[in-house]
Amino acid sequence: MDHYKGSPPTGSSYKAGDIYRNESVRAILYYGAGGQEPVVEMYDSGIVATSLALDSVVNGNHSSGRNSIPGYKELMAHANAKDAPSTDAYFSKNSLNSSVSGNRQVSEFKQIQEISLKFLFLKMSSFIL
């Protein structure tokens, strides 16, 4: 993402940042090369377009010639629209009741609707039957 920065030396400390909370960055990663719904190929020009679009958003670098890279304009349009699907999931109830009746577990049921995630990981209690 930082084209003008050199690579850090081996063993450098790393501090996680908030870069992935940037909605424009999320859109480029979602629609860019290797993303969930790519508009560019995972080949040279698609990777370059994705990298340059990230550099434009993160560093404000809009060097001339970028618009001629196939896919760059499309990725920047997604970045400006901030249209990557949400990764948030909300439940109407945070805790469900469960009991045993005879030899069956009986639990409340809640459905997740309108979620665009391909994977959803739920932390389950260790005492579930």
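Entry 1, overall fold. I read the protein chain along its sequence and noted the pattern α-α-α-β-β. I recorded that the model is a predicted one. I counted three helices and two strands in the protein chain.

Entry 2, surface and contacts of the chain. I looked up the accessible surface of the protein chain, which comes to about 10,100 Å². Carbon and sulfur atoms account for 52% of that surface. I then noted that 22% of the 129 residues are buried. Taking contacts between residues at least 6 apart in sequence, I found that 50% join residues at least 24 apart.

Entry 3, helices H1 and H3. I examined how H1 (residues 23-31) packs with H3 (residues 72-81): the angle is about 140 degrees and the axes are 7 Å apart. I therefore entered H1 as oblique to H3, since only angles over 145 degrees count as roughly antiparallel. I logged the crossing of H1 and H3 as right-handed.

Entry 4, residues between H1 and H3. On the H1 side I listed Ser24, Ala27, Ile28 and Tyr31, which meet Leu75, His78 and Ala79 of H3. I sorted the residues of this contact by class and obtained five nonpolar, two polar and no charged residues.

Entry 5, Ser56. I located Ser56 in helix H2, which spans residues 44-59. Is Ser56 buried or exposed? I entered Ser56 as buried because its relative accessibility is 2%, and the cut-off for buried is under 20%. Setting aside neighbours within four places in sequence, I found Ser56 in contact with Asn61, His62, Arg66, Tyr72 and Met76.

Conventions. Residues numbered from 1 in each chain as written. Predicted model: local features only at pLDDT ≥ 70, side-chain atom pairs only at ≥ 80, totals over all residues. Heavy atoms only, no water. Buried < 20%, exposed > 50% of the residue type's maximum accessible area, 1.4 Å probe, protein only. Contact = heavy atoms within 4.5 Å. Axes fitted to C-alpha atoms, helices over the stretch in contact; angles between N-to-C directions. Parallel < 35°, antiparallel > 145°, perpendicular 65-115°, else oblique. Left-handed = near helix turned anticlockwise from the far one by under 90°. Nonpolar A, V, L, I, M, F, W, Y, C, P; charged D, E, K, R; others polar. Areas by Shrake-Rupley, 256 points an atom, 1.4 Å probe, with all protein chains shown as cover.
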